2 protein chains.
Amino acid sequence: MPRGASAALFLPQLQGLRHEPGPLHRQLYERLRQAILTGVLPARSRLPSTRALAADLGVSRNTVELAFSQLDAEGLLERRVGSGSVVALPEHARPPHGSPRAPTRRPAPAPPLRARARRVAELTLPDQPTGILPLTPCMPALDAFPLSLWRRSLQRQGRQLGTRLLTYGEEAGWRPLREAVAAYVGASRGVRCGWQQVLIVSSTQQALDLVSRLLLEEGDAVWMEEPGYLGARAAFSSVGARLVPVPVDEEGLRVDAGLTRAPKARLAYVTPSYQYPLGLTMSFARRLALLEWARASGAWVVEDDYDSEFRYTSRPLAAMQGLDDSGRVLYVGTFNKVMFPSLRLAYLVVPEPLVEPFRRAKSLADGHTPLLSQAAMADFMERGHFTAHLRQMRLLYAERREALLDALRRHAGDRFQHVGSVEAGMHVAVKLAGRGDDVALVERAAGRGLDTRPLSAHYLGRKRASGLVLGFSGVGPAALRAAAASLVSVL
Amino acid sequence: MPRGASAALFLPQLQGLRHEPGPLHRQLYERLRQAILTGVLPARSRLPSTRALAADLGVSRNTVELAFSQLDAEGLLERRVGSGSVVALPEHARPPHGSPRAPTRRPAPAPPLRARARRVAELTLPDQPTGILPLTPCMPALDAFPLSLWRRSLQRQGRQLGTRLLTYGEEAGWRPLREAVAAYVGASRGVRCGWQQVLIVSSTQQALDLVSRLLLEEGDAVWMEEPGYLGARAAFSSVGARLVPVPVDEEGLRVDAGLTRAPKARLAYVTPSYQYPLGLTMSFARRLALLEWARASGAWVVEDDYDSEFRYTSRPLAAMQGLDDSGRVLYVGTFNKVMFPSLRLAYLVVPEPLVEPFRRAKSLADGHTPLLSQAAMADFMERGHFTAHLRQMRLLYAERREALLDALRRHAGDRFQHVGSVEAGMHVAVKLAGRGDDVALVERAAGRGLDTRPLSAHYLGRKRASGLVLGFSGVGPAALRAAAASLVSVL
């Protein structure tokens, strides 16, 4: 068995061995045993050699040897001199006196997936980073997050509200947070809404999921920016919508192309502030053209205003929502990028007639969003900590952005071409000179501990640019410079 | 305008006036203005008299007078001597120099709902209580919740994990919590699973929603307990499933009736531990019959084990999941009732082949569940606080249950007939002697501040028992006795 396969097979189960109590060999034994009994490691699957596994895990060979012997003694492994070990047949694996707790069941055959489940199985979902690696797109600077101020907001609200914060919450969200969001998006983004139009959700993904489930029917055409955001694609196609790629140029979505390809589309999804992934701003003329189409055809426009907080030189254009006089725009914003990802708070501003349907859809999906984080977020905003944090992050990210672009220029010269036109956001897109294979490049970069995304994966059609999506917000200038050098070395 | 209508119209917007800074008349003016500008109060709608509104809000008439004069001066109200005030036309309502922040848009006409949205609009969703009233079903004793221990778990985990807790989480849940849940349901409910089969979700509702979206196609038949839980009904019918009512007798779901009515159903939803709403336990023979049908026909069984923690005399039967040898059972449990509702943590245990599809469905629905509460919950369980809390709640709820049933017997005699057969749960169901109208009774009870539910609303078919679902867990014996007396007085 090749080394690479061993690591790929085992690492998810075997991570974090050193952070837990008890001897390492015992931990390793427990996890392997669990994996065998639950069918994660099916019968007859071959384990790596003790030497290879020890090297992969960074433990002594003796540790692995002890774990394997114990499994062998229990009849869970068959060890063969020279040819390594294989997982024993499930019959052997059943403990002699099956207790109700032991997961001894034979793994059931995979049931045939029907249409809905198949659709979900076939979706390309955006990768969710779990660690903080250099170049991860849209990862905030967690080391610079004002954690103690945030904890104080949590504690203050927890104390002040006591049991009121323990009971059920309003489906549409905690009212003080809805009010704070309405005031914030009004003042900073020109969004025109009453607080009643603000629905608190857990993420942009949940907002897009609710939109899909309420506003789209199977077969409906949806204009998607080409290239565009994978999470939106997944949400819309999970309900059977037909995705229509509409090219993006330096002015943003080419509304004329949309009109040619699918004039009767029901919805258009756009990221006008800082197009994902290309980092362009949609022009005023295009915004008006898109709104005019939506008004005339009765289509919906979903304005995903992620990252709009981060502009480093120019003033941003106000949100499209504020230009819309016919109630066709649904506006999405998130706190998970400007605060921290595990917060799980985002918001959706909907036209008045959609307030009640969306409240019901949210109730159906998960009841409501947790109250403590909502109350703490409202407190954090009301005390001015949120805008202060944004100001600080703008300075930090502007510096990081420059550091990354500088280092790329220095090391790569013109082998990378930076695409974006505005100094904004938390990532940049670069195109590869020539016709390089960006997927292979991303894999080579991953070997160096770099978390980049292939630009080509963001296209729906066959005409794809090759390049990389590179985050600059998560780590400091020195780490970015090192990452850029390392990236260029695998070009 | 009658007083009642005035209160109903205004109170949602006007609640909490006294808890905010600034003079009352200014607050009232701001809120009315907002309501007018956003179309919540449409043009030509009539406002209550200053006297009636002042009385409703418990403020002085002068306060209302000041607010109305200001709105009048701005052209937002037309005041007429004798006939009260009406909201001015939207043209008048636009401020002279429309700033982008002012929500001046004419309310858009309600868009026609299409199939998916119509389905959601037509669902009967369970009422979500927002306050703690006597008799609210399934409301935990929040006053007895060990809040300081819980806060310590939150703080300990927050400190220990630092930024690790800020970043993205695994879609299927925080691993230590998945492990703690697997151990807990194994030991206490006889559920057989590896931790990898445990998916952390935000609520039973989200679990049922994910089940519906993955396992059901439009038109699929689903066996529903008759009477049964409204939240499950809503989840399954939102994806277009055909709900088949299957009667419940003293042994639980009548599997024979299901076999007659819809032998080819794709899924059966059951609450075997403590049937909702009737409070019966499904017999062992029925459980085996249901599993046998599922095995033979390839159908799924959703075992909603809500409230199973609360048994006051007998030992509970173990979960059906532990009897299932063919991987057809999906097991659902929740922390939102045994801890507190706004926690938003629940779990779904799925057969091995469904682990990956459900992980993807969760990712699509909302990314993942917040990390801090998951980490704190795992900590709370590992330290034994969870089982200690359960022990305490069992004593408390047993006492409350007795208090309510005693008081009902004393006051109502045989006008109420208690249905349940086991001493368990957080509610009881009572039937009305004769053919009383339970919906009208619930309304009369609401007039006395009692939050009860009509039994008849839990039926799908036309043959409905009339009665009440009464919670006993939220308030103490004295309050329950008072509530029972008050309830009987409106019989």
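**Exercise 1. In this predicted model, find the residue that follows helix 14 of chain B and give the sign of its phi.**

*Solution.* Step to the end of the helix: helix 14 of chain B is followed by Gly384(B). The phi of Gly384(B) is positive, near 85°.

**Exercise 2. Check the length of helix 14 of chain B against the span expected at 1.5 Å a residue.**

*Solution.* Start with the residues: the helix covers 371-382, which is 12 residues. At 1.5 Å a residue, these should span 16 Å. Now turn to the model, where the end C-alpha atoms are 16 Å apart, so the two values agree.

**Exercise 3. Decide how far helix 14 of chain B is enclosed, and by what.**

*Solution.* Count residues under 20% relative accessible area as buried. That gives 10 of the 12, so the helix is largely enclosed by the rest of the structure. Among them are Leu371(B), Gln374(B), Asp379(B) and Phe380(B). Next, look for partners: the buried residues pack against helix 7 (147-161), helix 8 (175-189), strand 4 (198-201) and helix 15 (385-412) of chain B.

**Exercise 4. Work out how chain A and chain B are related.**

*Solution.* Superpose chain A on chain B: this takes a rotation of 179° with 0.0 Å of shift along its axis, and the RMSD is 0.6 Å. The two copies are therefore related as by a two-fold rotation axis. In chain A, Ala365(A) has the C-alpha nearest the axis, 4.3 Å from it.

**Exercise 5. Describe the lining of the largest cavity.**

*Solution.* Begin with its volume, about 280 Å³. Its lining has 19 residues, and those nearest the centre include Arg213(A) and Arg213(B). Sorted by class, the lining has 11 nonpolar, 2 polar and 6 charged residues.

Notes. Residues are numbered from 1 along each chain as its sequence is written. Chains are lettered from A and ligands numbered from 1 in the order in which they are written. This is a predicted model: local features need pLDDT of at least 70, side-chain atom pairs count only at pLDDT 80 or more; totals for chains, interfaces and linings use all residues. Side-chain values use heavy atoms; hydrogens and water are left out. Copies are superposed by least squares on the C-alpha atoms of residues with pLDDT of at least 70 in both. On a 1 Å grid over the protein atoms alone, a cavity is a set of points where a 1.4 Å probe fits but cannot get out, and a pocket is an open set with protein on both sides within 12 Å along at least five of seven lines; lining residues have an atom within 4 Å of a point. Grid points are joined across faces, edges and corners, and a volume is the space filled by probe spheres set on the points. Ala, Val, Leu, Ile, Met, Phe, Trp, Tyr, Cys and Pro count as nonpolar, Asp, Glu, Lys and Arg as charged, and the others, Gly among them, as polar. Helices (H or I, at least four residues) and strands (E, at least two) are DSSP runs, numbered from the N terminus. The expected span of a helix is 1.5 Å times one less than its number of residues. Buried means under 20% relative accessible area, exposed over 50%, partly exposed in between (1.4 Å probe, protein chains only). Contact means heavy atoms within 4.5 Å.
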